[in-house]
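Subject: The model, plus some notes

Hi,

Here is the structure I said I would pass on. Have a look at it first, and then read my notes underneath.

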Amino acid sequence: MLKFVVGLFESKGIAEDAINRLRYEGVPEGNIFPMQIHETAPLPAAVSPAIEALSVDPLVVGNVRETFAPFIRNGETAVFVRAHSEDEIDLAVGTIRQYAPIKIRVVSGGEGAPLGHDIL
């Protein structure tokens, strides 16, 4: 089971605090992917390798962008956390929740899997 917990934060600084806490809680560096989002900007070139490294269906990122579109104003940052078990999902959700995210969504990473569900 491959899923992603996606938290959307008002600023890059808050997202970085959440990322540091995720690392402290034992989430491997390779399972955490930040992405600063702008309302009209395309995916930044610097983030493309990290997104490609996720090796998931492109619908996952597209679906996340559509889901969070109403909340995007300028400079919001999404944090993707790769999770392989329910315990890892619970850890990521609990940790992200501590930093007052705008939204939390769990997204399935497999082809043909349901796209995801909102936590917050």
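Below is what I found in it, going from the overall layout down to single residues.

First, a caveat: this is a predicted model, and every value here is computed from it.

**The overall layout**

The chain has 4 helices and 5 strands. Reading from the N terminus, the order of elements is β-α-β-α-α-β-α-β-β. There are 120 residues, of which 42% count as buried. The exposed surface of the chain comes to about 6200 Å², with carbon and sulfur atoms supplying 53% of it. If you take contacts between residues at least 6 apart in sequence, 76% of them join residues at least 24 apart.

**The cores**

Which elements feed the largest nonpolar core? At least two residues each come from strand E1 (3-9), helix H1 (12-24), strand E3 (74-83), helix H4 (86-97) and strand E4 (103-108). That core has 17 residues, and the ones with the most contacts inside it are Val 5, Leu 22, Val 79, Val 81 and Ile 96. There is also a second, separate core of 9 residues, with Phe 4, Val 6, Met 35 and Phe 80 among them.

Val 79 is a good place to put your cursor. It sits in strand E3, and it counts as buried because its relative accessibility is 0%. Setting aside neighbours within four places in sequence, Val 79 touches Val 5, Val 6, Gly 7, Phe 9, Ala 15, Ile 19, Leu 22, Ile 32, Phe 33 and Pro 34. As for Pro 34, its C-alpha is 4.4 Å from that of Val 79, although the two residues are 45 apart in sequence.

**E1 and E4**

These two strands are worth viewing together. They run antiparallel, joined by 6 bridges. Within the pair, Val 5 faces Val 106 of E4, while Lys 3 is opposite Ser 108 of E4.

In a regular strand, side chains alternate between the two faces of the sheet. So how do the two faces of E4 compare with each other, covered or open? Both are covered: Lys 103, Arg 105 and Val 107 are buried on one side, and Ile 104, Val 106 and Ser 108 are buried on the other. With 6 of its 6 residues buried, E4 is therefore largely enclosed by the rest of the structure. You may want to click on Lys 103 and Arg 105, as both are on that list of buried residues.

E1 is mostly covered too, with 7 of its 7 residues buried. On one side you will find Lys 3, Val 5, Gly 7 and Phe 9, and on the other Phe 4, Val 6 and Leu 8.

**The helices H1 and H4**

H1 has 13 residues, which at 1.5 Å a residue should span 18 Å, and its end C-alpha atoms are indeed 18 Å apart. Its buried residues include Ala 15, Ala 18, Ile 19 and Leu 22. Looking down the axis of H1, the buried residues fall within an arc of 105 degrees, so they line one face of the helix. After H1 comes Gly 26, which has a positive phi, near 105 degrees.

H4 has 12 residues and reaches 16 Å from first C-alpha to last, close to the 16 Å expected at 1.5 Å a residue. Buried in H4 are Ile 89, Ala 92, Val 93, Thr 95 and Ile 96.

Glu 86 also belongs to H4. Its relative accessible area is 45%, so Glu 86 is partly exposed. Beyond its neighbours within four places in sequence, Glu 86 is in contact with Met 1 and Lys 3. Glu 86 and Lys 3 are 83 residues apart along the chain, and their C-alpha atoms are separated by 9.2 Å.

**One backbone angle to check**

Most residues other than glycine have a negative phi. Ala 100 has a positive one, near 50 degrees. Where is Ala 100? It lies in the loop between H4 and E4. Its relative accessibility of 59% is why Ala 100 counts as exposed.

That is the list from my side.

Cheers

Conventions: Residues numbered from 1 in each chain as written. Predicted model: local features only at pLDDT ≥ 70, side-chain atom pairs only at ≥ 80, totals over all residues. Heavy atoms only, no water. Core = buried A, V, L, I, M, F, W, Y, C linked by side-chain atoms within 4.5 Å. Buried < 20%, exposed > 50% of the residue type's maximum accessible area, 1.4 Å probe, protein only. Pairing = 2+ DSSP bridges. Contact = heavy atoms within 4.5 Å. Areas by Shrake-Rupley, 256 points an atom, 1.4 Å probe, with all protein chains shown as cover. Expected span 1.5 Å × (residues − 1). Arc of directions from axis to C-beta.
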